[in-house]
Amino acid sequence: MSMKFPIERFRKAATPLYYYDMELLQQTLDKIKGSVSRYGFNVHYAMKANANPAILRRISEAGFGADTVSGGEIAAAINAGFKAEDIVFAGVGKTDGEILLGLREGIGCFNVESAQELEIIEQLALEERKVARVALRINPNIDAHTHHYITTGLEENKFGLDISVVPQMIQKCMQSKALSFVGLHFHIGSQITTLEPYRMLCERINAIQNDLEQQGMTSIKSINVGGGLGVDYDDPDKHPIADFDPYFALFHNHLKLRDGQQLHFELGRAVVAQCGSLITRVIYVKEGIGKRFAIVDAGMTDLIRPALYQAHHKIENLTGAGRELRQYDVVGPICESSDVFGHDEMLPEVHRGDLIALRSAGAYGEVMASRYNLRSLPGCIAE
Ligand SMILES: *Cc1c(COP(=O)(O)O)cnc(C)c1O
């Protein structure tokens with residue numbers, strides 16, 4: 001156990017709660033900044049991973065942009081100090097109200113995912129007498145070899161545009177006084193743990209750029225390659241900071257950027273996952289027939305990834321130091337059989353009242369919490 005947890009604070013606090021190690025977050029941000037500054041790349045933080053105000057504030061102070069997927073996220077980004085021009089707005093189902101909010105705030109870019117969406121953005125921008133900056137999200141048809149619920153770059157998928165419709169949409173932007181074409185957007189999936197899919201993405205983008213140039217479309221100011229870089233859920237203490245250097249170097253080495261062209265990244269998970277843990281108390285230890293259950297006060301309402309994606313978060317007994325290891329199923333109190341955090345976990349003997357940490361919970365954790373069963377939302381300590 002190398003993460004230093006403020007256990008005495010947890011003892012006095014109501015659980016479950018999310019604990020954010022702000023020092024680790026800062027080190028991660030510094031690492032990313034150091035790595036991209038070598039190449040002049042830009043990073044937008046994908047806010048859907050974690051929109052806790054303390055986290056957002058720290059990331060905006062570090063000078064990152066924000067990648068948003070709803071009007072609520074645009075508003076939260078502005079509240080947290082992100083500059084409007086550094087906000088991009090993605091998503092397949094932007095409502096008129098959300099588009100209007102983006103136009104009025106003057107956000108940097110709408111990432112467009114259908115021909116009809118482009119029509120509506122144009123119409124609303126005309127009415128508002130604004131110019132909407134737009135990028136087109138292309139489906140690169142790359143299999144990121146991740147869980148099928150979090151792969152987004154394949155052809156049969158609600159996300160993105162088929163390349164065949166892109167030239168006429170760029171043309172439309174060029175001819176409209178309410179639209180300004182900024183560039184191309186891609187995103188191939190999440191929790192991607194090898195660089196091979198990204199190398200394939202670079203090749204795809206190179207081919208697409210060549211094709212578009214042959215059709216006379218040369219005004220592509222920016223390429224946005226999305227996010228998806230994975231983290232080590234099995235051993236967060238060995239890899240508290242993701243492997244950013246080889247990731248950014250790969251794009252530098254394989255992507256053929258044109259003169260003056262900018263490269264943007266939209267990282268979510270890799271920025272915030274490792275700095276967060278869900279802290280929960282053991283309510284009961286139940287001796288089953290063939291199993292022993294540690295029943296904790298956090299459930300799938302606080303951290304849904306195990307129930308939703310069969311994900312596993314490393315489980316630690318923070319208050320069991322020195323006790324003998326025993327085997328437990330660690331389960332929550334929710335009335336759903338998928339409310340399980342781990343099967344056959346070896347933990348220092350668990351007693352009622354022990355504090356348990358579910359590690360690497362900073363991404364897609366607190367932000368996905370719900371009030372199912374009319375439970376309270378989890379608390380938070382960020383320090
Ligand atoms: C979710 C998402 C991201 C961030 O993905 P991570 O796996 O958290 O890095 C980036 N871009 C788009 C378009 C997304 O939908």
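The following dialogue examines how several descriptions of this predicted model are justified.

Trainee: Why is Thr319 called buried?

Mentor: Buried means under 20% relative accessible area. Thr319 has 15% relative accessibility, so Thr319 counts as buried. Thr319 is placed in the loop between β12 (315-317) and β13 (325-331).

Trainee: What is Thr319 in contact with, leaving aside its neighbours within four places in sequence?

Mentor: With those neighbours left aside, Thr319 contacts Ile7, Arg11, Asp354 and Leu355. The word contact is used because heavy atoms lie within 4.5 Å.

Trainee: Why is Glu336 described as partly exposed?

Mentor: Exposed means over 50%, buried means under 20%, and partly exposed is in between. The relative accessible area of Glu336 is 35%, and therefore Glu336 is partly exposed. Its place is in the loop between β13 and β14 (340-348). Not counting residues up to four places away in sequence, Glu336 touches Met300 and Tyr372.

Trainee: Is Arg305 buried or exposed, and what makes it so?

Mentor: The cut-off for buried is under 20% relative accessible area. Arg305 has 4% relative accessibility, so Arg305 counts as buried. Arg305 belongs to helix α11 (residues 305-309). Apart from neighbours within four places in sequence, its contacts include Tyr233, Arg269 and Tyr364.

Trainee: Which residues does UniProt list for "binding site"?

Mentor: The unreviewed UniProt entry lists Arg269, Arg305, Tyr309, Glu336 and Tyr364 under that name. These residues span 96 residues in sequence, and their farthest two C-alpha atoms are 26.5 Å apart, so they do not all gather at one spot.

Trainee: Which residues come nearest to the ligand?

Mentor: Of the 14 residues around the ligand, those that come nearest are Lys48, Ser190, Glu266, Arg269 and Tyr364.

Trainee: What makes the pair between Glu266 and the ligand a polar contact?

Mentor: A polar contact is a pair of N or O atoms within 3.5 Å. A polar side-chain atom of Glu266 lies 2.6 Å from a nitrogen atom of the ligand, so the pair meets that cut-off. An N or O atom in the side chain of Ser190 is 2.3 Å from an oxygen atom of the ligand. For Lys48, an N or O atom of the side chain is 2.8 Å from a ligand oxygen atom. The ligand taken alone exposes 390 Å², of which the protein buries 94%.

Trainee: How many residues of each class form the shell around the ligand?

Mentor: The shell has three nonpolar, six polar and five charged residues.

Technical notes. Residues numbered from 1 in each chain as written. Predicted model: local features only at pLDDT ≥ 70, side-chain atom pairs only at ≥ 80, totals over all residues. Heavy atoms only, no water. Helix = DSSP H or I, 4+ residues; strand = E, 2+ residues; numbered from the N terminus. Buried < 20%, exposed > 50% of the residue type's maximum accessible area, 1.4 Å probe, protein only. Near = heavy atom within 4 Å. Polar contact = N/O pair within 3.5 Å; in protein donor to acceptor, adjacent residues only side chain to side chain. Areas by Shrake-Rupley, 256 points an atom, 1.4 Å probe, with all protein chains shown as cover. Nonpolar A, V, L, I, M, F, W, Y, C, P; charged D, E, K, R; others polar. UniProt positions renumbered as here; feature names shortened; annotations may be inferred.
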